[in-house]
Amino acid sequence: MRWLRASSGADQREVTEAEALDAFLSALNADEGLRAKEWDAFAVLVQGAEEADQVWIPQVDAILYRAGETPDYTFLTHRNLQRAASILFVTLAGDKPFDQVVAVVTYRADTRQLVTDFLWDDAAHDHLVTPHSWHRIADELNPLTTPQR
């Protein structure tokens with residue numbers, strides 16, 4: 001399944017970015033962590049870091065939402081997303097060096113609305129998922145209760 005395509009008239013960079021994002025979303029869609037539980041919506045946060053000109057993925061978090069219930073936290077598999085996320089981050093960064101990035105992907109099943117956002121360096125700090133921050137992040141990103149970005 002193709003999630004998206006570059007618009008007609010897009011330049012080569014836009015086409016490359018769309019292809020990288022499409023491959024990332026396909027890898028995310030294939031992850032068993034999302035398929036193992038029932039959900040009405042989800043928020044996935046993929047943390048990336050660049051060290052010595054290499055991108056690595058230290059953490060992948062998913063927050064699953066059911067209408068009228070408390071959000072549920074689950075891990076997704078790093079190895080399934082490592083390659084696609086690394087390529088996506090390098091493609092989006094272009095020549096700009098970065099220390100860290102957080103990809104935020106939200107999806108609401110009933111409306112099939114998918115939203116992506118990429119937070120770089122200092123902006124990424126507020127979306128690093130820890131045992132102390134995940135409830136705040138879950139509330140902030142909840143696609144069932146917040147207007148989509």
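Here are some short exercises, with worked solutions, on the predicted model shown above.

**Exercise 1. Two helices side by side**

Work out how helix H1 (residues 12-29) and helix H3 (residues 78-93) are arranged: are they roughly parallel or roughly antiparallel?

*Solution.*
- Step 1: Start with the geometry. The axes of H1 and H3 lie 9 Å apart, and the two helices pack at an angle of about 160°.
- Step 2: Bring in the cut-off. Angles over 145 degrees count as roughly antiparallel.
- Step 3: Put the two together. H1 and H3 are therefore roughly antiparallel to each other.
- Step 4: Add the handedness. H1 and H3 cross in a left-handed way.

**Exercise 2. Who meets whom?**

Find which residues of H1 and H3 meet, and say how many of them are nonpolar, polar and charged.

*Solution.*
- Step 1: Look at the H1 side. The residues that meet H3 are Arg13, Thr16, Glu17, Ala20, Leu21, Ala23, Phe24, Ala27 and Leu28.
- Step 2: Now switch to H3. Its partners are Asn80, Leu81, Ala84, Ala85, Ile87, Leu88, Thr91, Leu92 and Ala93.
- Step 3: Sort the residues of this contact by kind. You get 13 nonpolar, three polar and two charged.

**Exercise 3. Zoom in on Leu88**

Decide whether Leu88 is buried or exposed, and list what Leu88 touches beyond four places away in sequence.

*Solution.*
- Step 1: Locate the residue. Leu88 sits in helix H3.
- Step 2: Check its accessibility. The relative accessible area of Leu88 is 0%, so Leu88 is buried.
- Step 3: Skip residues up to four places away in sequence, and Leu88 touches Glu17, Ala20, Leu21, Phe24 and Phe118.
- Step 4: Try a distance too. From C-alpha to C-alpha, Leu88 and Val46 are 11 Å apart, with their positions 42 residues apart in sequence.

**Exercise 4. Rings in pairs**

How many aromatic pairs are there, and what kind of pair do Phe98 and Trp120 make?

*Solution.*
- Step 1: Begin with the count, which comes to five aromatic pairs.
- Step 2: Take Tyr73 and Trp134. Their rings are 5.5 Å apart centre to centre, with 50° between the planes, and the pair is tilted.
- Step 3: Place them on the chain. Tyr73 is in strand E3 (residues 72-75) and Trp134 is in helix H4 (residues 134-141), 61 residues apart, and the pair links distant parts of the chain. Trp134 has 15% relative accessibility, so Trp134 counts as buried.
- Step 4: Move on to Phe98 and Trp120. Their ring centres are 5.1 Å apart and their planes are at 75°, so this pair is edge-to-face.
- Step 5: Place these two as well. Phe98 lies in the loop between H3 and strand E4 (100-108), while Trp120 lies in strand E5 (residues 113-120), 22 residues apart. With 4% relative accessibility, Phe98 counts as buried.
- Step 6: Finish with a cluster, in which ring pairs link Trp39, Phe42 and Tyr107.

**Exercise 5. Positive phi in two loops**

For Arg112, find the value of phi, then say whether Arg112 is buried or exposed. Then give phi for Asp121.

*Solution.*
- Step 1: Find Arg112 in the loop between E4 and E5. Its phi is near 55°, which is positive even though the residue is not glycine.
- Step 2: Judge its exposure. Arg112 has a relative accessible area of 62%, and over 50% means exposed.
- Step 3: Go to Asp121, in the loop between E5 and H4. Phi of Asp121 is near 50°, another positive value in a residue other than glycine.
- Step 4: Check accessibility again. Asp121 is at 21%, so Asp121 counts as partly exposed.

Methods:
Residues are numbered from 1 along each chain as its sequence is written. This is a predicted model: local features need pLDDT of at least 70, side-chain atom pairs count only at pLDDT 80 or more; totals for chains, interfaces and linings use all residues. Side-chain values use heavy atoms; hydrogens and water are left out. Axes are lines fitted to C-alpha atoms, for helices over the stretch in contact, and angles run from 0 to 180 degrees between N-to-C directions. Helices (H or I, at least four residues) and strands (E, at least two) are DSSP runs, numbered from the N terminus. Angles under 35 degrees count as roughly parallel, over 145 as roughly antiparallel, 65 to 115 as roughly perpendicular and the rest as oblique. A crossing is left-handed if the near helix is turned anticlockwise from the far one by less than a right angle, and right-handed if clockwise. Contact means heavy atoms within 4.5 Å. Ala, Val, Leu, Ile, Met, Phe, Trp, Tyr, Cys and Pro count as nonpolar, Asp, Glu, Lys and Arg as charged, and the others, Gly among them, as polar. Rings of Phe, Tyr and Trp (its six-membered ring) pair if their centres lie within 6.5 Å; planes under 30 degrees apart count as stacked, over 60 as edge-to-face and the rest as tilted. Buried means under 20% relative accessible area, exposed over 50%, partly exposed in between (1.4 Å probe, protein chains only).
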